[in-house]
Amino acid sequence: MGCQMNKAESTGLARHLASMGLESVKDIKEADIVILNTCVVRQNAEDKVDGMLGYLKGIKHAKPEMRIAVTGCFVTDDLRALNKSFPHINHFFKPGESHSFDDWLLSESIGSLHGSLEKLPLSSSSLSVYIPIIQGCNNYCSYCIVPYRRGRERSRAPEDIVEEAERAVEEGAREIILLGQNVNSYGKDLVNGTGLGGLLTLLNHIEGLLRIRFLTNHPKDMSLDLIKSVASLDKVCHHFCVPLQAGDDLILKAMHRQYTCNDYRSLIRQIRQMIPDIALSTDIIVGFPGESEDQFENTFKVVEELRFDAVHIAAYSTRSQTYASEHFPDDVLSEVKMQRLRRLEGLQKEILTEINQQLVGQRMEILVEGKKGDKWFGRTFSDKLVFFTGSRNYAGQLVSIHIESASPWSLQGASFI
Ligand code: SF4
């Protein structure tokens, strides 16, 4: 369940269990071992985990020898309470707690991972591979549960990441996507002082690797060094995801975001000066507790002014056990949240129509990911989705495309070759 981070970790677990000789089954009822990787970032995600745990209880009742392990953000420090509430679960382990999982595998005579989960090869045979580089978050935004569940920031050693990336490329990957809840905080806890810029420099040397992306960033951790590295390294894509969350200073303060709207504006100005063709995406939460009509208008104006290449908009929903849930009543009506969300979506659609229209007639290089129907598709260096026609097999190749038309969400073109 959940984000790319969970998917990457699940892939790693699956690969290692397969390397021990275990096979995956399509029907969960046939499984001898079930590992549930959970997400609780929103209350409805936690409700789904509860539902899944209930479902597994029924299955285990019919097959008592089934062993079930649960990991991910559902797992709190209070293992005693979890074991009491869910006696049908054999083992709980927090994300990345390899030793606990390893000990359990041994105690169940399943085998051993022989090492840390952070070192698991997460690559798959796919073209684009996720690689988690930092776990946890130190920021404690008032609406977010992640720091309480994933703990404080812990960066992986750069040599482990490079080794994993090299292996992924040997297995066919052409693009790596570095992941972290707060990816641009990478390295702050490392003694050797390698930051994200340094790590990107190391990865940029890997032969056969064509592109490097990373997400998600916190505006306050976007250093000049990192922007310079992205500007100078030829494989690092010109795309930053920099979540704004709100365009009003009082709301930003209540969110504990640690920057003002003007700080954010200056950052965007600086990034655009140093990397003129950068594509910027952001996240916005509408209807945060106490958000007035005027405060929403402030957010609307910032989105209008900064003209992002993508805006991911969410309506606020209370997440229990967070600062916001305990201190701020969820007082914006759901209809009002939805109206605000739709207004922002409408604005972004207009902006994207204009931005993408300007790309018509240009020649762009895309990394081809696959084929849908009779069209090939891939992404540009600045993360634009492009569909094109062509007569060869282009999968995994960099192809020059002439852009012929544009919609708000994608570009269409034809191959030059
Ligand atoms: S930066 Fe804020 S929103 Fe993002 S994971 Fe950390 S606490 Fe949550």
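These exercises, each with a worked solution, deal with the predicted model above.

Residues are numbered from 1 along each chain as its sequence is written. In this predicted model, local features need pLDDT of at least 70, side-chain atom pairs count only at pLDDT 80 or more, and totals for chains, interfaces and linings use all residues.

**Exercise 1. Confidence**

Task: Find the mean pLDDT of the protein, and locate the stretch where pLDDT is below 50.

Solution:
- Start with the scale: pLDDT is the predictor's confidence in each residue, from 0 to 100.
- The mean for the protein is 91, and 96% of its residues reach 70 or more.
- Over residues 115-125 the value is below 50. Beyond near neighbours in sequence, this stretch has 33 contacts in the model. Two residues are in contact if their C-beta atoms, placed from the backbone, lie within 7 Å.
- Where pLDDT is low, the predicted coordinates should not be read in detail.

**Exercise 2. Overall build**

Task: State how the radius of gyration of the protein relates to that of a compact globule, then list the domains.

Solution:
- The radius of gyration is taken over C-alpha atoms; the globule rule is 2.2 Å times the number of residues to the power 0.38.
- For 417 residues, a compact globule would have a radius near 22 Å. The protein has 23 Å, which agrees.
- Along the principal axes, the C-alpha trace spans about 60 × 55 × 45 Å.
- The domains are domain 1 (4-115), domain 2 (118-357) and domain 3 (363-415). Their bounds come from an automatic or database domain assignment.
- The centres of domain 1 and domain 3, over C-alpha atoms, are 39 Å apart.
- Among contacts with a separation of 6 or more, 71% join residues 24 or more positions apart.

**Exercise 3. The cores**

Task: Identify the largest nonpolar core and the strand that gives the largest share of its residues.

Solution:
- First, burial. A residue is buried if 20 or more other C-beta atoms lie within 10 Å of its own, exposed if 12 or fewer, and partly exposed in between; C-beta atoms are placed from the backbone.
- Buried residues make up 36% of the 417.
- Next, the core. It is a set of buried Ala, Val, Leu, Ile, Met, Phe, Trp, Tyr and Cys residues joined through C-beta atoms within 7 Å.
- The largest has 59 residues. Those with the most contacts inside it are Ile131, Ile133, Ile176, Leu179, Val183, Ala246 and Met255.
- Strand E4 (residues 128-135) gives the largest share, 5 residues.
- A second, separate core of 16 residues includes Leu36, Ala69, Phe101 and Cys137.
- In soluble globular proteins, nonpolar side chains tend to be buried together.

**Exercise 4. Helix H7**

Task: Say which residues of H7 are buried and what they pack against.

Solution:
- Helices (H or I, at least four residues) and strands (E, at least two) are DSSP runs, numbered from the N terminus. The protein has 13 helices and 15 strands.
- In H7 (residues 196-204), Leu196, Gly197, Leu199, Leu200 and Leu203 are buried.
- Seen down the axis of H7, these fall within an arc of 160°, so they line one face of the helix. The arc is that of the directions from the helix axis to the C-beta atoms.
- They pack against E4, helix H6 (158-170), strand E6 (175-180), strand E7 (211-215) and helix H8 (224-232).

**Exercise 5. Buried or exposed?**

Task: Classify alanine 254, arginine 340 and aspartate 277, and give their contacts outside four places in sequence.

Solution:
- Alanine 254 lies in helix H9 (residues 249-254). It is buried, with 20 other C-beta atoms within 10 Å. Its contacts are Ser142, Phe288, Gly290 and Phe328.
- Arginine 340 is in helix H13 (residues 334-357). It counts as buried, with 23 C-beta neighbours inside 10 Å. It touches Val286, Gly287 and Phe296.
- Aspartate 277 sits in the loop between helix H10 (261-274) and strand E9 (279-286). It is exposed, with 10 other C-beta atoms within 10 Å. It touches His238 and Ser382. Serine 382 is 105 residues away in sequence, yet 7.6 Å away C-alpha to C-alpha.

**Exercise 6. Backbone geometry**

Task: Locate the cis peptide bond between leucine 215 and threonine 216, and place histidine 256 and aspartate 383, which have positive phi.

Solution:
- Most residues other than glycine have a negative phi, and most peptide bonds are trans.
- The cis bond joins leucine 215 and threonine 216, with omega about 0°. Threonine 216 is in the loop between E7 and H8.
- Histidine 256 has phi near 60°. It lies in the loop between H9 and H10.
- Aspartate 383 has phi of about 75°. Its loop runs between strand E12 (375-380) and strand E13 (385-389).
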